[in-house]
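Here's a quick tour of a single-chain model, written to be read with the structure open beside you. Have a look first, then read on.

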Amino acid sequence: MKRALPVLVLSIAGLVPVWLYEPSLGITSSEASSPATTPSSSSSTSSSGSSGTSSTVVKGTTVTTEKGDVQVEVTFAGTKISSVRMLKQPNHPQTTAAVPVLIKETLAAQSADIDTVSGATITSDGYRESLQAAIDSQAESAAASPSASASESSAAADTASKVVSGTAVDTEKGTVQVEVTFEGDTIASVKMLQQPNHPQTTAAVPVLISETLAAQSADIDTVSGATITSDGYKESLQAAIDAKG
């Protein structure tokens, strides 16, 4: 009986490690393999970004003039100039009045070969120089990646222009009517078919067109001193947008 007791104790002691043993759940191997999923996720994001056709934004050089610095930022849709924004310009009334005219002429000419605005020769020269630098930079980038350029040209070819005339709106000052050119769903340009023969109207129209191109809608501000013309312009513009569908 005395010999049996030690044997029993030893048997129980041998079973304890077996009861306490728990099988591995493989957490370490799971954690080690998780980083392997990162490259495929990154690749998906990259291909997703490259598959869409995005606009190219190019800054022109900063041109120092007697009136102040002039610098433009140009947005290209393929090879087409879709918009121009001033990054730097002289703080001068003649410059403020000239800029919308210069931008309008750029969008129509699709180049820096545009006229000087009377009374703002210095600003006009600086604008054209900065604009040409942006155009040259875009051309160099397109030449460096011909496959991307061909893809963008093909996409641009698929987007046909559509010209729509807005309604003729009779106002106290005279009739207002616009003609809108669409590139796909984008308002590419606006031309006045009819407008009152009035100095305030003449000054307001370039501002209204510039705001339209920026807003891509008829939801734009009224030009101070040309409320009647502004209201007629917006009504005719909205009619053209609605007619385009």
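## Two loop glutamines

Let's start with Gln216, which sits in the loop between H7 and H8. This is a predicted model, so take the backbone angles in that spirit: Gln216 has a positive phi of about 55° although it is not a glycine. With 31% relative accessibility, Gln216 falls in the partly exposed class, because that class runs from 20% to 50%.

Now jump back along the chain to Gln110, in the loop between H4 and H5. Here too phi is positive in a residue other than glycine, near 55°. The relative accessible area of Gln110 is 28%, so Gln110 is partly exposed.

## Where H4 meets H5

How do the axes of H4 and H5 cross? Helix H4 covers residues 93-109 and helix H5 residues 121-144; their axes come within 10 Å and cross at roughly 40°. That angle makes H4 oblique to H5, because roughly parallel would need an angle under 35 degrees. The crossing of the two is right-handed.

On the H4 side, the contact is made by Thr95, Leu102, Ile103 and Thr106, and H5 answers with Thr123, Ser124, Tyr127 and Leu131. Sorted by type, the residues of this contact are 4 nonpolar and 4 polar, with no charged ones.

## The nonpolar core

Tyr127 turns up again in the largest nonpolar core, which has 41 residues: Tyr127 and Tyr233 are the ones with the most contacts inside it. Several elements each supply at least two residues of this core: strands S3 (69-77), S4 (80-88), S7 (175-183) and S8 (186-194), plus helices H4, H5, H7 (199-215) and H8 (227-244). As background, nonpolar side chains tend to be buried together in soluble globular proteins.

What does Tyr233 touch, not counting residues up to four places away in sequence? The list is Val176, Val178, Val190, Met192, Leu208, Ile209, Thr212 and Ile220.

## A buried threonine in H7

Thr201 lies in helix H7. Thr201 counts as buried because its relative accessibility is 2%, and the cut-off for buried is under 20%. Leaving aside neighbours within four places in sequence, Thr201 is in contact with Gln195, Pro196 and Thr229.

## The chain overall

Stepping back, the chain has 8 helices and 8 strands. Of its 245 residues, 31% count as buried. Among contacts between residues at least 6 apart in sequence, 43% join residues at least 24 apart.

Terms used: Residues numbered from 1 in each chain as written. Predicted model: local features only at pLDDT ≥ 70, side-chain atom pairs only at ≥ 80, totals over all residues. Heavy atoms only, no water. Axes fitted to C-alpha atoms, helices over the stretch in contact; angles between N-to-C directions. Helix = DSSP H or I, 4+ residues; strand = E, 2+ residues; numbered from the N terminus. Parallel < 35°, antiparallel > 145°, perpendicular 65-115°, else oblique. Left-handed = near helix turned anticlockwise from the far one by under 90°. Contact = heavy atoms within 4.5 Å. Nonpolar A, V, L, I, M, F, W, Y, C, P; charged D, E, K, R; others polar. Core = buried A, V, L, I, M, F, W, Y, C linked by side-chain atoms within 4.5 Å. Buried < 20%, exposed > 50% of the residue type's maximum accessible area, 1.4 Å probe, protein only.
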